[in-house]
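These exercises concern how the parts of one protein chain meet. Work each task from the structure before reading its solution.

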Amino acid sequence: MAKLTKKQKEAASKIEKNKMYSLKDASALVKVIASAKFDESVDIAVKLGVDPRKANQMVRGVVTLPHGTGKDVRVLALVTPDKEAEAKAAGADHVGLDDYLQKIKDGWTDIDVIITMPAVMGKLGPLGRVLGPRGLMPNPKTGTVTMDVAKAVAEVKAGKIDFKVDKTGIVHAGIGRVSFGADQIVDNAHEIIQTLIKLKPTAAKGQYIKSIHLSSTMSPAIALDPKAV
């Protein structure tokens with residue numbers, strides 16, 4: 001087991017053992033214990049009472065965070081020439097088609113989100129082995145395959161994120177930065193938690209929200225009381 005650094009020990013000492021914090025208190029505390037010299041990301045991890053191996057218990061969705069993620073999301077719009085102008089106007093960082101498909105084939109993946117059109121998805125199929133593992137493959141369910149390219153780009157730039165429960169039943173998501181106000185962290189965390197609640201599969205039995213933890217990039221996790229969110 002790796003040894004904790006002095007700063008990590010100091011941060012851990014500020015978290016009461018076995019205490020379940022309210023979302024408001026945890027959002028304030030995560031700012032206090034952050035000690036890195038950079039603007040750390042604030043992340044949430046929600047353990048769900050589902051079996052992701054079963055298709056009828058898969059939880060996946062999108063949410064627009066009220067205050068964005070605090071991250072400059074790099075968007076690639078893979079579109080036909082007639083859609084290029086609107087994609088650029090909406091804020092896409094890279095716009096094109098065949099030239100970018102070749103770049104990806106050659107190993108370029110210096111982007112966070114790809115937005116494309118239904119007619120282009122056929123060309124993306126062969127790149128699944130490159131894009132899939134990196135979470136970059138566009139999907140109609142997350143709004144990244146659409147004819148309204150401008151709207152999709154604008155939403156992603158404004159703080160729209162997609163999430164998916166992993167094989168252990170946990171949903172991980174970045175919901176801001178430690179430079180955010182505590183109230184902004186509360187709002188963003190509340191938005192994704194409420195979205196998860198709305199997505200509860202009918203096949204899921206028993207307690208649905210099993211645990212919630214809030215953490216920053218370099219600090220230990222803070223346990224939240226699932227009943228107090």
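**Exercise 1.** Into which domains is the protein divided?

*Solution.* The model is a predicted one. Domain 1 is made of two segments, 15-69 + 160-224. Domain 2 covers 75-157. As for their placement, the C-alpha centres of domain 1 and domain 2 are 27 Å apart.

**Exercise 2.** Describe the extent of the interface: how many residues of each domain are in contact, and what area is buried?

*Solution.* Begin with the contacts: 4 residues of domain 1 touch 6 residues of domain 2. Next take the area. About 500 Å² is buried between domain 1 and domain 2, and carbon and sulfur atoms give 47% of that area. Then look at the domain 1 side, where Arg60, Val62 and Lys160 lose the most area to domain 2. Together these residues account for 86% of what that side buries.

**Exercise 3.** Which side chains meet in a salt bridge, and at what N to O distance?

*Solution.* First, count: the rule finds 1 salt bridge across the interface of domain 1 and domain 2. To identify a pair, apply the cut-off of 4 Å between a side-chain nitrogen of Lys or Arg and a carboxyl oxygen of Asp or Glu. Glutamate 155 and lysine 160 satisfy it, with 3.1 Å from N to O. For polar contacts, the count between the two domains is 1 residue pair, both at pLDDT 80 or more.

**Exercise 4.** Which strands each supply at least two residues of the side of domain 1 that touches domain 2?

*Solution.* The strands are S2 (60-64) and S6 (160-164). Sorting the residues of that side by character gives 1 nonpolar, no polar and 3 charged.

Key
Residues are numbered from 1 along each chain as its sequence is written. This is a predicted model: local features need pLDDT of at least 70, side-chain atom pairs count only at pLDDT 80 or more; totals for chains, interfaces and linings use all residues. Side-chain values use heavy atoms; hydrogens and water are left out. Domain bounds come from an automatic or database domain assignment. Contact means heavy atoms within 4.5 Å. Buried area is the accessible area (1.4 Å probe) that two parts lose on being put together, summed over both. A polar contact is a pair of N or O atoms within 3.5 Å; within protein, one must be able to donate a hydrogen and the other to accept it, and residues adjacent in sequence count only if both atoms are side-chain atoms. Helices (H or I, at least four residues) and strands (E, at least two) are DSSP runs, numbered from the N terminus. Ala, Val, Leu, Ile, Met, Phe, Trp, Tyr, Cys and Pro count as nonpolar, Asp, Glu, Lys and Arg as charged, and the others, Gly among them, as polar.
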